[in-house]
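I opened a fresh page for this one and kept the notes short. Here is what I looked up, in the order I wrote it down.

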Amino acid sequence: MFKTINSISGNSLKPIYLSSLFTVLEAIAAALPYGIICFVLSDLVQGTVNSRLYWLIVGIFFSLLVRLYLSARCHGGMMQASYEITGNIRIRVGEHLRQLSMGFFAGKDLGRLSNFLLKDIKLIDFMFSHIWIRVVHSVAFPLVIVLFLAIIDIRLLLPLLVVIPFALPFVFIGQRSIKKRGGLHLDIVNETDAAVLEYVQGITVMKSHLMTGEKNQKLDYLFKSLASRSFKLEAAAFSAVIGFSVIVEIGFILMLLTGIYLVSEGLLGSITFIIFLVVALRLYAPVFEFIRCFSLMRYMRNAGERVEEVISEKSQAYSGAEYEIQDSDIRFCNVSFRYENKLTLNNINLHIPENKVTALVGPSGSGKSTIMNLIMRLWDIKEGEILLGGVSLKDLSPKRLLANISTVFQEVYLFNDTIKNNIAIGNQDATDNEIFAAAKAAQAHTFIEKLPLGYETVVGEGGKSLSGGEKQRISIARALLKDSPIILLDEATASLDPENEASIQKAIDRLVISKTVVVIAHRLNTVVKADQIVVLDAGNIVESGSHEELIGKGGLYRTMWHEQQRIKGWKLNQQEVT
């Protein structure tokens, strides 16, 4: 367990070891009064009331003060250490996720990832802040008690110890069961939370299709499965605790029988037997506490192993050499790419020249977005090579690569932060004046100024308080402020009304001046002036050239162009659709 946590936390367990030492000392201080009480009872029974008795009472008081001090040190230190460790784990995991290829995220939903980042790591946090300290105490305290019992009478102690080997198998059996059932339980927890998140996000669709309540069979099934697996997990832990407890209680009965026999035979004084019982009764509670906490740790270990599994995922490798990018010329050389065993690009050779506009067009699923994603190295290719300024993308650090690229996509995501911070996300050293200038160039300054708090307005998760056109303009302001030599555009105006489209088109025209631009075009009239139009179909480049050249070729581009021109003339209820 500690090996796993030490690995995923970056070798930061030293504070835990120190706090554990204070916990052991605290357990000794907590057990010490019981040893002193043995002498107090012995003196009282014998009628010996002298200064030694008072000094023994002072010793009890002093041990309580020491325990109070050590308890504060161990609990405070353990809390601080656990929060620092889990903080380090979250930072490491977040940084590592950022460095992974998009292939890792394929098939994983938001609910599972958020659970992984929050709940699994929270279990590790809880283990150190609340469970581990109890485990250490519940081991150290009984050992000190056993030492006192051995001093009182070793014959009475032996029946208590002899049953331990027979009780331990229940612990190991329970651990194996919890390991298996705990993993299944964590899986169903994550799956259920993901379904709940999907339910909340898709509530409009579900209500409109009468899928709420009992109609949502998926959610109903998951809730029942969660209840079933939770019960099985608790049953596994409970069975181990009960089995261990029964065997240990048999040891206590054997000790009673042994004591009665020794007293009846005159081999043991009744006072000694009573003193032994007083101390022995304090032995069992921490032992049972250890079994319960140990079972919890096995469950939490599953969470640690899941975190370790993700951190062990290989991040996108690069040569490590500090290559200088001489220009923003992009080349695809014999690039093929598969997404979940589906061929999406087939032996692509493509030159995207510096400071020119290259448009990618073609039917849905032809590979346009894949090319855009590969330029950003969101995915790694296994066949062929992609060069930027003559340097392979695999030789560039992701940070250096993405520093050269600005993106404006159809779907804009804004963080739950101020507008100013959302604009400055690609250039966090920007001054307020630079942010304002970028917003003005993006045609966003006017609407931002009208908001109650202006640039300090918090936009909500995903930018939900803003319209689509407003979010697009903020996205363009981001790109302007970042001022990267390469601009990637995914038809930023496709879903906007004419008024917003005109404003955003002006902002885009300002953005792409003297840049290497790659634009995905769904409406061909937006790219007729592009320097190069690349036509894709089923993962292949079937044509390329200027608008006039492609029209003259009479191929797929011409067919798409005429089809779009024809659609412009459609009418609905006698009103022309434009």
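**Entry 1: a valine in the interior**

I began with V307, which has a relative accessible area of 0% and is therefore buried. A reminder to myself before going further: this is a predicted model. I then asked which helix holds V307. I found V307 in α10, the helix that covers residues 270–311. Next I checked V307 against V93: the two are 214 residues apart in sequence, yet their C-alpha atoms are 7.9 Å apart in space.

**Entry 2: positive charge on the surface**

Next I looked for charge on the outside. I noted a surface patch of positive charge where K180, R181, R229 and K232 gather. Which helices supply at least two residues each to the positive patch? I wrote down α7 (164–201) and α9 (217–264).

I picked K232 for a closer look and placed this lysine in α9. Is K232 buried or exposed? Neither label fits: its relative accessible area is 43%, so K232 counts as partly exposed, the class between under 20% for buried and over 50% for exposed.

**Entry 3: a nonpolar patch**

I stayed on the surface and turned to nonpolar side chains. V162, F238, I242, V246, I250, I253, L254 and L257 make a nonpolar surface patch of about 710 Å². Which element gives the largest share of this patch? I found that α9 does, with seven residues. So α9 turns up in my notes on both patches, since this helix also supplies at least two residues of the positive one.

I253 is my example here, and I located this isoleucine in α9. I253 has a relative accessibility of 47%, so I put it down as partly exposed.

**Entry 4: the strands**

I finished with the strand pairing. β1 (residues 330–339) and β2 (residues 342–352) run antiparallel, and I noted seven bridges joining them. One of the pairs I looked up is I330 with I352, its bridge partner in β2.

What links β1 to β2? The two strands form a hairpin with two residues between them. In that turn I flagged E340, whose phi is positive at about 50 degrees.

I also asked how many bridges β1 makes with β4. I wrote down five, again in the antiparallel sense, with β4 spanning residues 383–388. For a residue pair here, I noted S336 opposite E383 of β4. My page on β1 thus holds two partners, β2 and β4.

Definitions and conventions:
Residues numbered from 1 in each chain as written. Predicted model: local features only at pLDDT ≥ 70, side-chain atom pairs only at ≥ 80, totals over all residues. Heavy atoms only, no water. Patch = residues over 30% accessible without salt bridge, like charges linked within 9 Å, V, L, I, M, F, W, Y side chains within 5 Å. Areas by Shrake-Rupley, 256 points an atom, 1.4 Å probe, with all protein chains shown as cover. Salt bridge = Lys/Arg side-chain N within 4 Å of Asp/Glu carboxyl O. Lys, Arg positive; Asp, Glu negative; His and termini not counted. Charge placed at Lys NZ, Arg CZ, Asp CG, Glu CD. Helix = DSSP H or I, 4+ residues; strand = E, 2+ residues; numbered from the N terminus. Buried < 20%, exposed > 50% of the residue type's maximum accessible area, 1.4 Å probe, protein only. Pairing = 2+ DSSP bridges.
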